[in-house]
Amino acid sequence: MKAKVLEVKWEDAWIDTQDVLIEDAKKLKPIMRSTVGWLVADNPKEIILATDIYHNDKDKEYVNAIMVIPKGMIVEYWEYNLHRGNLK
């Protein structure tokens with residue numbers, strides 16, 4: 001898989017199980033998040049990212065820890081250019 005790395009800034013839904021006054025509840029907002037991952041798919045309604053990809057022949061068709069982010073929740077995103085380095 002020739003993968004790209006994306007950073008996605010998105011508004012996440014959330015839940016609180018505590019009692020809240022209705023007037024206070026009306027002021028609540030989604031949580032703004034940024035997620036970075038390997039792009040698995042850029043579908044019409046969602047972006048799918050994974051935290052891990054594999055490089056060996058046995059596992060290269062698999063990804064790990066996927067996240068599906070609906071495009072309606074995405075504020076903006078950036079694609080990063082990767083350069084192969086050599087650590088010694």
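Biologist: How much area does the protein chain expose, and what share of it do carbon and sulfur atoms supply?
Modeller: This is a predicted model, in which local features need pLDDT of at least 70 and side-chain atom pairs count only at pLDDT 80 or more, while totals for chains, interfaces and linings use all residues. Residues are numbered from 1 along each chain as its sequence is written, and side-chain values use heavy atoms, without hydrogens and water. By the Shrake-Rupley method with a 1.4 Å probe, where for residues only the protein chains shown count as cover, the exposed area of the protein chain is about 7500 Å², and the share from carbon and sulfur atoms is 52%.

Biologist: What share of the residues is buried?
Modeller: Buried means under 20% relative accessible area, with exposed over 50% and partly exposed in between (1.4 Å probe, protein chains only). Of the 88 residues in the protein chain, the buried share is 20%.

Biologist: In what order do the elements of the protein chain run?
Modeller: Helices (H or I, at least four residues) and strands (E, at least two) are DSSP runs, numbered from the N terminus. The protein chain has 1 helix and 5 strands. Read from the N terminus, the order is β-α-β-β-β-β.

Biologist: Why is the protein chain described as more spread out than a compact globule?
Modeller: The globule rule is 2.2 Å times the number of residues to the power 0.38, and the radius of gyration is taken over C-alpha atoms. For 88 residues the rule gives 12 Å, and the protein chain is more spread out because its radius of gyration is well over that, at 17 Å.

Biologist: Which strands are the edges of the sheet?
Modeller: Two strands pair if DSSP finds at least two bridges between them. The open sheet has 5 strands with antiparallel pairing, in the order β4-β3-β2-β1-β5. Pairing on one side only marks the edge strands, β4 and β5 (74-80).

Biologist: How many bridges join β2 to β3?
Modeller: A hairpin of 3 residues connects β2 to β3. Strand β2 (residues 31-42) and strand β3 (residues 46-53) run antiparallel, and the number of bridges joining them is 4.

Biologist: Which residue in β4 stands opposite Leu49?
Modeller: Leu49 of β3 is also the bridge partner of Leu39. Strand β4 (residues 63-70) pairs with β3 in the antiparallel sense over 7 bridges. The β4 residue opposite Leu49 is Met67.

Biologist: Which residue in β2 stands opposite Leu6?
Modeller: Strand β1 (residues 5-12) pairs with β2 in the antiparallel sense over 8 bridges. Opposite Leu6, in β2, is Gly37.
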